[in-house]
Amino acid sequence: STHSCSSFLKNSKVGLEKESLRVNKNGTISHKMHPEIFGAPLTNKYITTDYSEALLEIVTPACNSNTETLKYLENIISFVYKNLDNEYLWPASMPCIIAGDTSVPVAYYGMSNPGKMKTTYRRGLGYRYGRIMQVISGIHYNYSFSDMFWKEYLHFKNSKKLLKDFKSEQYMIICRNLLRNGWIIPYLFGCSPAVCKSYLAGKATTLESFDEYTYYEKYATSLRMGDIGYQNNKEENMGVNIDYNSIEKYAKSLEKAINEPSKDYKKIDEHLDGYYKQINANVLQIENEYYSSVRPKPDPSNNQRPSKALLQNGVHYIELRSIDNNINMNSGIDIYQMYFIELLIIHSLITSEDKISKKELKEIKKNLIRVAHNGRSKEAKLIVNGKEELLLKIMKKKINELKKIGNFMHIITKDIQYVNCINKQEYKLKNDANLPSSIILKKMTKKKLSFFEFCMENILKQKKYFLNYKIEECIIKKLKKEAIISITKKINLENNTKNETYENYIKKYFLN
């Protein structure tokens, strides 16, 4: 049914963040510093680095549509490619050939206190979880509804809350439903059914051998989202249980984790040989250490820690973090997937306001692991309210619900892609050979390629595509200008640092 707020659904904002490893021409991780032409990663808002110096992160601004956002992403990737010296961007989420932990350089952000803190935090992650796990890459989809929409929706829901609190409440509802239905993303879009054996560095594993160089699982969709991927692996006994049932509970449970000392991490000396090995020995060094597929995010202009900023100003947008880089796509993601995710977010707003119980949280985690490792099996089952149900049956039901929203969005916006994106997914349901995880294993089998060789084949195509891509002049100007501004900002931070010790800066960070 249409009501006055629905017309404002077309005013939403979309952003993407894409991580990719820089590799040299033989496909091993680059040991060159982050290229100077991209400015300072500490302060550049479009091109930065994540865990490793070689893990490039591309960030689009918040755009007015999926189409505009994807275009912006492609423009930045092209700019990067045109300025890389004999290097490539690794096309997969699971990393290239890695010669153990020491071959992964930790990102460097200069000598300012914020820069040193960023490096210390990453060093800590390396000691805690191993560096190899930190060079898995992915794509994050950021989304916010407009204030016009929220004002009308508040009215429609007869809520007596302040707009800021209403927005936070509703964004947390979206987060909970995205967690519940989070398995849909790896099922439909997962693109890491195989992994280079070097990733596991000789550790025992239940994965099967695909060939001499590759592990895989026959029905896997996204090993990145599974047991071997990103996780706070000691979570259960270390008590990182983040509560999504309200913004207050979310912030409070994060606060608890960053203030709670950990016996295990105490064993990593805080500093050794004149440098810090981690920011502290707590369960989480900082809030961002908590790996989750969905995060409520504060206003980026607020300089406080995330949990403080969320409590003070509320949730500004949400970040969906479970998207694999699709090896078969030049930019790692395509327009249909973006439209589909938008529909899933709208669906998450209107389906259920239920809280997540401890029991359900366990089910959510189990479902994600099942789909990641075994989602394409015809027998794959999920747990819903304590009962096992066939994945395909649930998937069909969800697609039908999303189809209704897609048709509705098509009517409001006149944009046919809302309908097309559902048709594309129905096509995968009719025949799971059309799932990206399936396509990859089929191509690898047919051409007798290892996972590494398959990625290398695609890397050449992608480089060619982006070298020939015509960048918009205005975007080139913005990127060049940002590079210069970012260097100035970094130098200013380094000059300010002379007035404050690193220890003091850290103390203040946690008080802030």
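**Exercise 1. Place the R295–E319 pair within its salt-bridge network.**

R295, K297, E319 and R321 are linked in a network of salt bridges (a side-chain nitrogen of Lys or Arg within 4 Å of a carboxyl oxygen of Asp or Glu). The model is predicted: local features need pLDDT of at least 70, side-chain atom pairs count only at pLDDT 80 or more, and totals for chains, interfaces and linings use all residues. Residues are numbered from 1 along each chain as its sequence is written, and side-chain values use heavy atoms, leaving out hydrogens and water.

Step 1. R295 and E319 pair at 4.0 Å, N to O.
Step 2. R295 sits in strand 11 and E319 in strand 12 (residues 317-323), 24 residues apart. Strands are DSSP runs of E, at least two residues, and helices are runs of H or I, at least four, numbered from the N terminus.
Step 3. Both R295 and E319 are buried (under 20% relative accessible area; exposed is over 50%, partly exposed in between; 1.4 Å probe, protein chains only).

**Exercise 2. Compare burial in two further salt bridges.**

Step 1. E289 and R128 meet at 2.9 Å, N to O.
Step 2. E289 lies in the loop between strands 10 and 11 and R128 in helix 2, so the pair ties together parts 161 residues apart in sequence.
Step 3. E289 is buried at 0% relative accessibility. R128 is buried at 5%.
Step 4. K378 bridges to D432, with the closest N and O atoms 2.9 Å apart.
Step 5. K378 is exposed at 52%, whereas D432 is buried at 18%.
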